[in-house]
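Good morning, and thank you for making time for this item. Please look at the sequence and the structure together as I go through them.

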Amino acid sequence: MPRIECPSCGREVGTGPVAGAPGLYCLARHDRPGRTATIDGLLSCVGSLATVPRPEAVEEAQLSLF
Ligand SMILES: [Zn+2]
């Protein structure tokens, strides 16, 4: 899966599929810039595990309008 910019912190993060929603990506867990990891994982950025629309899906939707 591609890496995309987190809408919360702006870092490039990995993505994963969202079950039942082929038009969405799920952002990988990641920490905020400049912070160290916690013992139980990286989840300090509010953008972690958020879902975002796939850019390709948005483009296809726009193209289908014409
Ligand atoms: Zn983030």
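Let us begin at L27. Setting aside residues within four places in sequence, L27 is in contact with C6, V13, T15, G47, S48, L49, A50 and V52. Two of these partners, C6 and V13, join L27 in the largest nonpolar core, whose other members are Y25 and C45, making five residues.

I should state at once that this is a predicted model. The mean pLDDT of the protein is 80, and 76% of the residues score at least 70. Confidence is highest in strand β2, residues 12-17, at 91, and lowest in helix α1, residues 55-63, where the mean is 69. Please keep that last value in mind when looking at the helix.

Now to the overall architecture. The protein has four strands and one helix, and along the sequence these follow the pattern β-β-β-β-α. Of its 66 residues, 12% count as buried. Among contacts between residues at least 6 apart in sequence, 33% join residues at least 24 apart.

The four strands form an open sheet in the order β1-β2-β3-β4, with antiparallel pairing. Which strands stand at the edges? They are β1, residues 3-5, and β4, residues 51-53; each has a single partner strand, so one side of each is left without a neighbour in the sheet. On average, neighbouring strands of this sheet are turned by 50° against each other, direction ignored.

Let me take the pairings in turn. Strands β1 and β2 run antiparallel and are joined by three bridges. R3 has G14 of β2 as its bridge partner, and I4 has V13, the latter being a member of the nonpolar core. Six residues lie between β1 and β2 in their hairpin, and G10 in the turn has a positive phi of about 85°.

The next pair is β2 with β3, the latter covering residues 24-27; they are antiparallel, again over three bridges. In β3, Y25 is the bridge partner of P17, while L27 is that of T15. T15 is thus a bridge partner of L27 and is also listed among its contacts. The hairpin of β2 and β3 has six residues between the strands, and there G20 takes a positive phi near 80°.

How do the side chains alternate along β3? Y25 and L27 point to one face and are buried, whereas L24 and C26 point to the other and are not. Both of the buried residues of this alternation, Y25 and L27, belong to the five-residue core. C26, for its part, stands opposite T51 in β4. The pairing of β3 with β4 is antiparallel and comprises three bridges.

The loop between β3 and β4 deserves a comment, and L49 is found there. L49 has a positive phi of about 70° although it is not a glycine. Is L49 buried, exposed or partly exposed? With 13 other C-beta atoms within 10 Å, L49 is partly exposed, exposed residues being those with 12 or fewer. L49 is also one of the contacts of L27, with which I began.

My last residue is S8, in the loop between β1 and β2. S8 has 15 other C-beta atoms within 10 Å and is therefore partly exposed. Which residues does S8 touch, apart from those up to four places away in sequence? They are C45, V46 and G47. Of these, C45 is a core residue, and G47 is in contact with L27 as well. The C-alpha atoms of S8 and R32, 24 residues apart along the chain, are separated by 9.3 Å.

To close, I return to L27. This residue is the bridge partner of T15, points to the buried face of the β3 alternation together with Y25, and is a member of the largest nonpolar core. I would be glad to take questions.

Technical notes
Residues numbered from 1 in each chain as written. pLDDT = per-residue confidence, 0-100. Helix = DSSP H or I, 4+ residues; strand = E, 2+ residues; numbered from the N terminus. Buried ≥ 20, exposed ≤ 12 C-beta atoms within 10 Å, placed from the backbone. Contact = placed C-beta atoms within 7 Å. Pairing = 2+ DSSP bridges. Axes fitted to C-alpha atoms, helices over the stretch in contact; angles between N-to-C directions. Core = buried A, V, L, I, M, F, W, Y, C linked by C-beta atoms within 7 Å.
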